[in-house]
Amino acid sequence: MTLRATVAELVREFRASGRIVIVGASLAGLRAAETLREEGFTGSLTVIGDEAYEPYDRPPLSKQVLKGWVPADHTKLPRMREVDADWRLGVAAVGLDRVTKQVSLADGEQVPYDRLLIATGTRARQWPNPAEAALHGVHTIRSRDDAEQLQKALAEPPSRVLVVGAGFIGSEVASVCRELDIPVTVVERGSAPLVGALGGVIGEIAAQMQRDHGVDLRCGLGVSSLEGDSEGHVRRARLSDGTTVDADVVVASLGSIRNVEWLEGSGLAAGFWGVGCDAGGRAFDINGVVTDSIYVAGDVARAPHVLYEYQFLAMEHWDNAVFGAEVAAHNMVNLEPHYRPHLLLPGFWSGQFGVNIKSVGVPPFGDEIVFTQGSVEERRFAAAYGHRGRIVAAVTFDHGKWLEYYGKLIEQSGSFPPPPPGWDQPPDMKPMPAEFPDPRVPTGIPDVVLTGHAPSERTAEFRPRRH
């Protein structure tokens, strides 16, 4: 038997009787499991998740669920096909031994694997003071339980909601409050809402949009402390300028934390920015060597992207979870030359204050911006971001039909400013500084993170929190 035939036989045997473990039972974990079966894997498949629920959809949590349109328990993800898997739900992975190839669970069980997919995603950053975080009425929003509890609080309704952090999730929560006619104050450390994700030029438009809808928006400030009453319910917040805001519901929208603690001591390139991997999802060890049996997908993955100078991107986007999981699953049951790369062009959307905001590419990679279509005054426009003479991203307000056009230009490393499509060109198409904040300054942290070539080298960040 030739070497090629021997390798092919080993692949067939693994597909028939191998053991694959997926840690992370959300969107990426589910789509990876489905893809493995679609690819002909008939061996043992185990899916581990720390939540007790089957995989559910997160984007509706900060929109339809908070408005009361959809119950939180009606967000279960549809199954694309039957998945014959051993679902270990409600128990977290707490350790990984790469030598014995075992995942340790919180209940003491050891789960063996031949190949492992890490899809543990992110969690909401909690209010930093534990005693204040424990006050009744202090919320975060990331999980199904979070959304259900916050929706009940908004339905009472509260006298005022305080949202701390004006990234995408914080802004969406504020928008829902105004739709429900609930007074809301938004406190943001940065100069404007969405400034970390879209820059100061767009941030000022977002700020005016919020104020026009009755939001009490306070930028350039932080919250020093939360104060509760004798019954342990939050009643007010003290701001960094010494003023106070009375509120009986506080939503801490402080960004996300990647779930990598369970990988400590495993020898993988895991840390604050996620788990390092190549474009095919194969995990790196701490020395930058590609592993053969461990893969990464979803929000927790950080991989180099050819369009962004091979810097490592970590993307908290719905499409990234789906397509990254499909690529990783395919590669887990194949060998060269059948590996596939995951080269998704980042994109996101957000509905807030009656406007549909969409983006493609990585806006913080750009240092210039130009309005190419529509009207800023009407909040119906398209704008492109540039870096070193080429287009790297675009954003639209109620103008999303043109995103595909800009996406193709980005993929082709098109020139900046780009030739605008359509006829509704603004009178002034002069590029201007995009006004992104210094990444070392705390702001509402965004959803694509450009982390540089080394874990300690951060050049830009972008995380529109979960869409």
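A disulfide is a pair of cysteine sulfur atoms within 2.5 Å. With that cut-off in hand, the cysteines of this predicted model make a handy place to start. A search through the whole structure turns up zero disulfides. Take Cys177: the closest cysteine sulfur sits in Cys219, and at 17 Å from the sulfur of Cys177 it is too far for a bond. Cys177 is also tucked away from the surface, because its relative accessibility is 0%, which counts as buried. Cys277 counts as buried too, since its relative accessibility comes to just 2%.

Out on the surface, things look rather nonpolar in one spot. Val306, Tyr310 and Leu343 make up a nonpolar patch there, and together they offer about 280 Å² of accessible area. One of these residues, Val306, belongs to the loop that links β22 (301-304) and β23 (312-315). Val306 has a relative accessible area of 39%, so it ends up as partly exposed, given that this class lies between the 20% limit for buried and the 50% limit for exposed.

Next comes a sheet. Six strands build an open sheet with antiparallel pairing, and reading across it gives the order β24-β25-β28-β27-β26-β29. At its edges lie β24 (347-352) and β29 (432-433), each of which pairs on one side only. For β29, the partner is β26 (residues 368-375), and the two run antiparallel, paired over two bridges. Within this part of the sheet, Glu368 stands opposite Pro433 of β29.

How values were computed:
Residues numbered from 1 in each chain as written. Predicted model: local features only at pLDDT ≥ 70, side-chain atom pairs only at ≥ 80, totals over all residues. Heavy atoms only, no water. Buried < 20%, exposed > 50% of the residue type's maximum accessible area, 1.4 Å probe, protein only. Patch = residues over 30% accessible without salt bridge, like charges linked within 9 Å, V, L, I, M, F, W, Y side chains within 5 Å. Areas by Shrake-Rupley, 256 points an atom, 1.4 Å probe, with all protein chains shown as cover. Salt bridge = Lys/Arg side-chain N within 4 Å of Asp/Glu carboxyl O. Helix = DSSP H or I, 4+ residues; strand = E, 2+ residues; numbered from the N terminus. Pairing = 2+ DSSP bridges.
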